[in-house]
Amino acid sequence: MFLITDQQRFDTLVANGNPSMHTPVLDALAGSGTNLHGYFTNSPVCVPSRCTLFTGRYPHSHKVRENYTLLEAGREFHLFRILKQAKYKLGYVGKNHLLDEAEKQNFDCFSLAGSHELSSPDEQVLDRAYNEHLQQHGLKEGQSDAAWRAGFTHTQADTSTRSYQTAESAIDFLNSQAGSAQPFALCVSFEDPHVPHIARAADAVKYPLDEIELYPDEGDIGLSSKARRWLIKKAAQKASEASTQDKKRYIATYRAMISWIDTQIGRVLDTLESLQLRENTLIVFTSDHGDFNFEHGLAKKDLILADSLLHVPCIFSQHNQIVPQTRPEDCLVEEVDILPTILDLLGVKIPFGIQGVSFASVLKGTTKNHKEAVYAEISPPYLRCGYSDFPSFEKDHEKNGKTPFNIPGDFCKSIRTRDWRYVWYATGEEELYNHQSDPNEHCNLAKLHPYASIKQKLKLRLLEWNALTEDPLDTNLGRELQKQYTDWVPVSFQDGFQGQPSWKPKV
């Protein structure tokens, strides 16, 4: 069972070092299995991240590098396709942002309950209340600064919330498996705590504003040392107008939403327990990316490769199989490794072309560390930020108050080691941060002469990674794999003649 939230920072669990959180269910789950403090996603936004998560392939291989595309139907050998071939029953509930419409027919249950793509009558009542709240504050839905100005708490019925709807759909699927000897794979995909920030009043009271501590902010002078998109994004959000109370309200509402997700995950796990399925079920919890939470003075997310967005929770739990332990941040694991690890634990063959590396030995306690570095990337090569500052950007967007969040995106890549993060931009900009002295990535050292040698070494490692992780699947190998995974429709590669060398790899 795969539990995934949308836009949840690493430091939003008590188990991850934040004693002000109220997340008893997830903290208990962390205590029952391996809690990976050194886990990083490979992309800072939803779709590229989810596609990497479920294919075990980097964005430049699965070809999804922005939020405007989904996985090409039938092209990739993702987790669900692999497990269907292994005769698992498949369930997917909640937010999609992953699969093309044509692939949904392969699931025994595919429900969008609790996502923006499907709104129940109960949810529509809550949506109307939220829109009235926006109007009262002179805001419009989608307005660039509405995300941080419009935190909304309510007393509507629990059933009106998206997280409840998603959990309810998951519970229905689990109940349908009672007594079945066939294994199942269920993905429970919560859309929260993504904006819009709508929280139950009963959860919001757990986070008094006077107890919220703000994240460090290097200010505009600090941001000016980074790639120019940082300051453009801040201006586009009108984030400089946010008061201390605005920032605290944003964080408090965000955390309250996570507490409600925690409650809903508890309902799902209780159902699993009541059906006597918990003992034999592998449970994975993570998030697709993080949220600035006004760290660096920014709200929401952006196409920026920073710890605020790439460092997220990751927990693996299975009774008598996975060692209860917390692996510290120096045990680096990246998103692309999740799929091969799951298949390894389930005893299912890992297809040729998977680029991640299983860390099952870490989960079983036989090894302590996994990788020396993790990587991230965003945007296709043709995207560059062509604006030198916000006024030039705003001029092209007619001051309409709606800011495309990619502004546009910058083709960029990064490497994160235990001590350093280096970010390369196709615009020629660079960033370098020392995580031992600067864990919040405030001070960009890329232009400072004493760090030139370190920057060059990291840049070469990033280049080597980019070269070594070219997509290994050519047309021939893809065609052969398609013949091995015929339980899935549609199939992208069709039979046809291609010359093949005698030494071609076995797939």
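Q: Let's start near the end of the chain: where does Pro490 lie?

A: Pro490 lies in the segment after α17, the helix spanning 475-484. Helices here are DSSP runs of H or I with at least four residues, strands are runs of E with at least two, and both are numbered from the N terminus. This is a predicted model, in which local features need pLDDT of at least 70 and side-chain atom pairs count only at pLDDT 80 or more, while totals for chains, interfaces and linings use all residues. Residues are numbered from 1 along each chain as its sequence is written, and side-chain values use heavy atoms, leaving out hydrogens and water.

Q: Is the peptide bond from Val489 to Pro490 cis or trans?

A: That bond, from Val489 to Pro490, is cis, with omega near -5°.

Q: Which residue does a cis peptide bond join to Asp192?

A: Pro193 is the partner, and omega is about 5°. You will find Pro193 in the loop between β7 (184-189) and β8 (198-200).

Q: Now for phi: what is the value at Lys63?

A: Phi of Lys63 is near 75°, a positive value in a residue other than glycine. Look for Lys63 in the loop between α3 (59-62) and α4 (79-85).

Q: Why does Lys63 count as partly exposed?

A: Buried means under 20% relative accessible area, exposed means over 50%, and partly exposed is in between (1.4 Å probe, protein chains only). Lys63 counts as partly exposed because its relative accessibility is 47%.

Q: And what is phi at His97?

A: His97 is another non-glycine residue with positive phi, near 50°. His97 sits in the loop between β4 (89-94) and β5 (109-111), and at 21% relative accessibility His97 counts as partly exposed.
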